[in-house]
Amino acid sequence: MVFSSIRFLFFFLPLLLIIYFSFPKKFKNLILLLFSLIFYYFGEKNYTLLLVFSCLVNYGLGLVISKNKKKLYLIIGITFNLVLLIYYKYTGFFIENFTNLFQLNPISLNIVLPLGISFFTFQNLSYLIDVYKNEVSCQKNPLTYCTYICLFPQLVAGPIVRYKDVNEQLKNRTENFEKFSSGVSRLIIGLSKKVLIADTLYYTYTAILTSELSTVSYWLVALLFTFQIYYDFSGYSDMAIGLGKMFGFEFKENFNYPLIASSITEFWRRWHLSLSTFFKDYVYIPLGGNRTSKLKHIRNIFIVWLLTGLWHGASWNFILWGLYFFVLLILEKFIFQKFLKGGFFSHIYTFVLLLISFVIFNTTDLEELMLFLKGLIGIKKDWINQETLYYLKNNLIILLIAFIGIHPKLKDTIQKLKKGKRNKGIESLYSLIVLGLFLLVIARILASSFTPFIYFRF
């Protein structure tokens with residue numbers, strides 16, 4: 001089940017809201033847990049028990065670590081979670097490369113990746129580590145802990161919600177009309193990003209790939225995919241945050257207009273904040289961060305970006321993607337930093353490198369990746385052709401909308417108008433626009449084929 005489906009929007013969510021707000025406070029976490037497990041079951045029937053098993057084991061480990069504070073128990077907890085993740089996500093990749101290396105007969109284990117395992121594994125890990133470090137008290141109620149891990153808005157594609165950020169909200173959260181209506185608006189904005197923009201961009205670049213490609217069309221595909229993954233993933237995060245608000249939760253922001261960054265370093269301070277914060281707090285800083293020798297500092301950055309690439313998927317292109325950013329960040333830190341002053345050149349430099357990065361991210365076949373990279377630099381291709389001009393002409397509006405949406409100016413303008421003298425009129429107009437967007441989303445969902453969220457596969 002996905003948020004951008006009729007089943008979720010008109011059956012699952014309304015039923016949950018009716019039941020949730022009909023019962024007293026002491027039953028609300030239980031209701032959320034049961035519906036979250038139903039939500040997960042519709043998307044991943046075979047692994048619902050695995051999710052519950054993982055929650056209960058980590059709940060027990062948290063109790064043990066809290067009482068004993070021995071590193072051995074933390075190591076056991078980390079090992080348990082990583083073994084689950086490695087088995088389901090990387091076993092096939094390791095066996096495939098091992099058999100290819102030694103020219104052995106292929107072995108097929110048919111291991112299916114459980115939905116959202118990368119996200120709920122990292123939440124379990126962060127909880128155990130924070131309990132060990134005395135940053136949070138362990139959760140003594142297994143139902144509450146399972147609710148934290150299984151909470152459906154963020155279960156299958158993030159953001160990675162830290163226990164210390166929602167601990168108090170799990171016990172006592174505020175639910176009111178203002179927060180609920182704000183959550184509904186945020187949900188619809190996220191739906192609009194996904195259904196109206198990201199899906200349109202997806203259909204466009206897949207159509208271009210079937211045409212006669214020129215150098216410009218290769219760059220156009222790279223641009224469209226970069227916009228697609230941004231609107232798809234940030235749209236999902238908006239929906240998760242909005243749904244959380246509807247039930248009284250406040251999740252941290254996961255994106256801060258990353259495509260306006262003027263350096264790769266700044267980009268990663270704005271993109272997928274919950275993941276980059278996780279690696280900073282639990283890998284980079286424990287390794288010594290930048291408070292060590294230059295060689296060890298480089299080693300620390302290398303480890304973080306190798307793991308970041310691997311986290312995204314068991315494929316060589318993701319490893320290359322992580323190492324690509326490692327190289328760029330090292331160059332910026334030690335050579336380019338004095339040249340990146342935030343001007344026009346810095347933005348163009350960053351944007352072009354990001355386009356190339358998402359080409360690597362999106363192309364799992366390395367031969368296809370090499371062909372695409374050759375296309376970007378114009379090897380054996382026309383610079384532009386009639387088909388390229390056709391797609392450019394027919395997609396100017398969606399490209400213009402996409403460019404406007406990556407900048408905070410529109411949001412800032414709306415916020416200023418809401419705080420102005422005619423704020424009531426602006427609020428009413430904004431509500432009408434959001435309602436109009438919702439109707440467009442429903443019309444598009446009914447008329448289009450299903451396209452899953454990109455980060456579901458991670």
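What percentage of the 458 residues of the protein count as buried? In this predicted model, the figure is 52%. The fold is built on helices: 20 of them turn up, against zero strands.

As for overall dimensions, the radius of gyration comes out at 23 Å, which agrees with the value near 23 Å that a compact globule of 458 residues would have. Along the principal axes, the C-alpha atoms of the protein fill a box of roughly 65 × 65 × 50 Å. Among contacts with a separation of 6 or more, 77% link residues 24 or more positions apart.

Turning to the surface, the accessible area of the protein is about 22600 Å², and carbon and sulfur atoms make up 65% of that. On the charge side, the protein carries 46 positive and 24 negative charges, and the mean positions of the two sets sit 9 Å apart.

Then there are the cysteines. A search of the whole structure comes back with zero disulfides, and the distances for two of the residues fit that picture. Cys146 has its closest cysteine sulfur in Cys55, at 4.5 Å, which is too far for a bond, given that a disulfide needs the sulfur atoms within 2.5 Å. For Cys138, the closest cysteine sulfur is the one in Cys146, and at 14 Å that pair is too far for a bond as well. Both residues count as buried: Cys138 has a relative accessible area of 10%, and Cys146 is at 9%.

Definitions and conventions: Residues are numbered from 1 along each chain as its sequence is written. This is a predicted model: local features need pLDDT of at least 70, side-chain atom pairs count only at pLDDT 80 or more; totals for chains, interfaces and linings use all residues. Side-chain values use heavy atoms; hydrogens and water are left out. Helices (H or I, at least four residues) and strands (E, at least two) are DSSP runs, numbered from the N terminus. The radius of gyration is taken over C-alpha atoms; the globule rule is 2.2 Å times the number of residues to the power 0.38. Buried means under 20% relative accessible area, exposed over 50%, partly exposed in between (1.4 Å probe, protein chains only). Contact means heavy atoms within 4.5 Å. Accessible areas come from the Shrake-Rupley method with a 1.4 Å probe; for residues, only the protein chains shown count as cover. Lys and Arg count as positive and Asp and Glu as negative; His and the chain ends are not counted. The place of a charge is taken as NZ of Lys, CZ of Arg, CG of Asp or CD of Glu.
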